[in-house]
Amino acid sequence: MSDVVLRPMTGADLPVVHRLDRALFPEDAWSEEMLAGELADQPRTRYYVVAEAPGGEIVGYAGLAAAGGQADVQTIGVRADRRKGGIGAVLLTALLEEAVRRGSESVFLEVRADNDAAHRLYERFGFERVGIRKRYYQPSDVDAIVMCRKLRDRPPMGFTRAE
């Protein structure tokens, strides 16, 4: 399994995370300002972590937005030379555990239709395809597959017939 340690992402990590994001997702990378905006909402509605290899080198990162009983995986990235070592699974596990701690009923995400490795990871964790967003990723015109994992049943709302 993975030899990484997870810790909260900080503003000091942004340059490294941004470089990694650009390397992993050259057409879809977030700007450093967008990442900073996400961190600004931490811990209120955001949860961001980095995966550090022995020696402190950042080899992965992940982020979650959670509010109102719903959570969304914002991003997960693992350095190319460290893939297939369980880091993505460790990061996704941390996001799901945080979603549960925050009382989320479901976790949603969008994934590029052409990212088969990510599809397999999410399906292994119980995510199911629930929709498609045509041409979501620009400028490449790649569709996004919308996936969801239910964490708990929603309690009944309103009145029941017995009342």
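## Exercises around strand β5

Val111 stands opposite Ile145, a residue of strand β7. Keep that pair in view as you work through this predicted model.

**Exercise 1. Find how many bridges join β5 to β7, and whether the two run parallel or antiparallel.**

Solution. Start from the pair above: Val111 faces Ile145 in β7. Next, count the links between the strands: 7 bridges join β5 to β7. Finally, the direction: these two strands run antiparallel.

**Exercise 2. Work out which residue stands opposite Phe108, and how strand β4 is connected to β5.**

Solution. Begin at Phe108 in β5, where the residue opposite is Asp72. Then look at the strands themselves: β4 (residues 70-78) and β5 run parallel, with 3 bridges between them. Now add helix α3 (residues 87-101): together with β4 and β5, this helix makes a β-α-β unit, and the unit is right-handed.

**Exercise 3. Decide why strand β5 can be called largely enclosed.**

Solution. Take residues 106-112, the 7 residues of β5, and ask which fall under 20% relative accessible area, the cut-off for buried. That test is passed by 5 of the 7, so the strand is largely enclosed by the rest of the structure.

**Exercise 4. Place Ala144: is this residue buried or exposed, and what does it touch?**

Solution. First, locate Ala144 in strand β7, which spans residues 142-150. Second, check accessibility: the value is 0%, so Ala144 counts as buried. Third, list contacts beyond four places in sequence; among them are Glu110, Val111, Gly131 and Tyr137. Last, compare backbone positions: Lys134 is 10 residues away along the chain, and its C-alpha atom is 6.5 Å from that of Ala144.

Notes
Residues are numbered from 1 along each chain as its sequence is written. This is a predicted model: local features need pLDDT of at least 70, side-chain atom pairs count only at pLDDT 80 or more; totals for chains, interfaces and linings use all residues. Side-chain values use heavy atoms; hydrogens and water are left out. Helices (H or I, at least four residues) and strands (E, at least two) are DSSP runs, numbered from the N terminus. Buried means under 20% relative accessible area, exposed over 50%, partly exposed in between (1.4 Å probe, protein chains only). Contact means heavy atoms within 4.5 Å. Two strands pair if DSSP finds at least two bridges between them. A crossover is right-handed if, with the strands pointing away from the viewer, the path from the first strand over the helix to the second runs clockwise.
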